[in-house]
Amino acid sequence: MKNNRLTWILESWAPVILYTALIFTLSSIPDLSVPGGIEASDKVIHLGEYFLWGLLLRRGLDRVIRAPDAISTGIAIVTGACLAVLDESFQ
C-alpha cells in the first residue's frame, strides 16, 4: 500500500518539481538568449514556459485537492506569479 502512495505522489508532483528545476537551471546560465533574435521573443518563451508549468501544477493540484476548477486555476496562477518573481530575482 505504501508503494502505491509513493508512486501516486511521484506521478502527481515529479513533473512539477523537475520542470521547476529546469526553469531555474536555464535561468542560471548567464547571457542565455533566444535563438533567432526576434524582438520580444523572450517574452513569448517565458509565457509558454510558465503556461506549461501552470498546466503541470494544475494536474498535480487536481490529483490532490478536490476543488472547483476556478480555485485550482487561481492557486496555479498565484503560485506561478510567485515563481516568476522568484525566477527573475534569481537571474
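## Helices, salt bridges and buried faces

With a relative accessible area of 24%, Arg63 is partly exposed. This residue makes a good starting point for a walk through the structure, which is a predicted model. The side chain of Arg63 meets that of Glu11 in a salt bridge, with 3.4 Å from N to O. Distant parts of the chain are linked by this pair, since Glu11 belongs to helix α1 and Arg63 to helix α2, 52 residues apart. Glu11 is likewise partly exposed, at a relative accessible area of 41%.

The Glu11 pair is one of 3 salt bridges in the model. Another joins the side chains of Arg58 and Asp62, at 3.0 Å from N to O. Here the partners sit 4 residues apart in helix α2, which means that about one helical turn separates them. Asp62 is partly exposed, with 30% relative accessibility. Arg58, in contrast, has 18% relative accessibility and therefore counts as buried, the cut-off being under 20%.

Arg58 also forms a salt bridge with Asp69, whose closest approach is 3.3 Å between N and O atoms. Because Asp69 lies in helix α3 and Arg58 in helix α2, the pair ties together parts that are 11 residues apart in sequence. Through shared partners, the salt bridges join Arg58, Asp62 and Asp69 into one network. The three members of this network differ in their exposure: Arg58 is buried at 18%, Asp62 is partly exposed at 30%, and Asp69 is exposed, with a relative accessible area of 53%.

Attention now turns to the helix that holds Arg58. Helix α2 covers residues 41-64, a run of 24 residues. From first C-alpha to last, α2 reaches 35 Å, close to the 34 Å expected at 1.5 Å a residue. Buried residues occur along α2 from Ser41 to Leu61, and they include the aromatic residues Tyr50 and Trp53 as well as Gly54, Leu56 and Leu57. Glu49 and Arg58 are also among the buried residues of α2, as is Gly60.

Helix α3 comes next, spanning residues 69-90. With 22 residues, α3 reaches 31 Å between its first and last C-alpha atoms, close to the 32 Å expected at 1.5 Å a residue. Its buried residues are Ser72, Ala76, Gly80, Leu83 and Asp87. They lie on the same side of α3, because the arc they cover around the axis is only 70 degrees. On the face turned away from this buried side, α3 carries the exposed residues Ala70, Ile77, Val78, Val85 and Ser89.

Two of the buried residues of α3 show what that side of the helix meets. Ser72 in helix α3 is buried, with a relative accessible area of 0%. Beyond residues up to four places away in sequence, Ser72 touches Arg58, Leu61, Asp62, Ile65 and Ala67. Two of these partners, Arg58 and Asp62, are the residues that share a salt bridge at 3.0 Å, and Leu61 is one of the buried residues of α2.

Leu83, further along α3, is buried too, at 11% relative accessibility. Apart from neighbours within four places in sequence, Leu83 is in contact with Thr20, Ile23, Phe24, Tyr50 and Trp53. Tyr50 and Trp53 are themselves buried in α2, while Phe24 has its place in helix α1. Leu83 thus brings α1 and α2 into one contact list, because its partners include Phe24, Tyr50 and Trp53. Not everything in α1 lies close by, however: Leu83 and Asn4 are 79 residues apart in sequence and 30 Å apart in space, C-alpha to C-alpha.The contacts of Phe24 complete this view. Leaving aside neighbours within four places in sequence, Phe24 is in contact with Leu83, Leu86, Asp87 and Phe90. Asp87 is, like Leu83, one of the buried residues of α3. The C-alpha atoms of Phe24 and Gly54 are separated by 15 Å, at 30 residues apart along the chain.

Finally, the surface has a nonpolar patch formed by Leu22, Leu26, Ile29 and Leu32, which together have about 340 Å² of accessible area. Leu26 lies in helix α1, which spans residues 2-27. With a relative accessible area of 37%, Leu26 is partly exposed.

Terms used:
Residues are numbered from 1 along each chain as its sequence is written. This is a predicted model: local features need pLDDT of at least 70, side-chain atom pairs count only at pLDDT 80 or more; totals for chains, interfaces and linings use all residues. Side-chain values use heavy atoms; hydrogens and water are left out. Patches are made of residues with over 30% relative accessible area and no salt bridge: like charges are joined within 9 Å, nonpolar side chains (Val, Leu, Ile, Met, Phe, Trp, Tyr) within 5 Å. Accessible areas come from the Shrake-Rupley method with a 1.4 Å probe; for residues, only the protein chains shown count as cover. A salt bridge is a side-chain nitrogen of Lys or Arg within 4 Å of a carboxyl oxygen of Asp or Glu. Helices (H or I, at least four residues) and strands (E, at least two) are DSSP runs, numbered from the N terminus. Buried means under 20% relative accessible area, exposed over 50%, partly exposed in between (1.4 Å probe, protein chains only). The expected span of a helix is 1.5 Å times one less than its number of residues. Contact means heavy atoms within 4.5 Å. The arc is that of the directions from the helix axis to the C-beta atoms.
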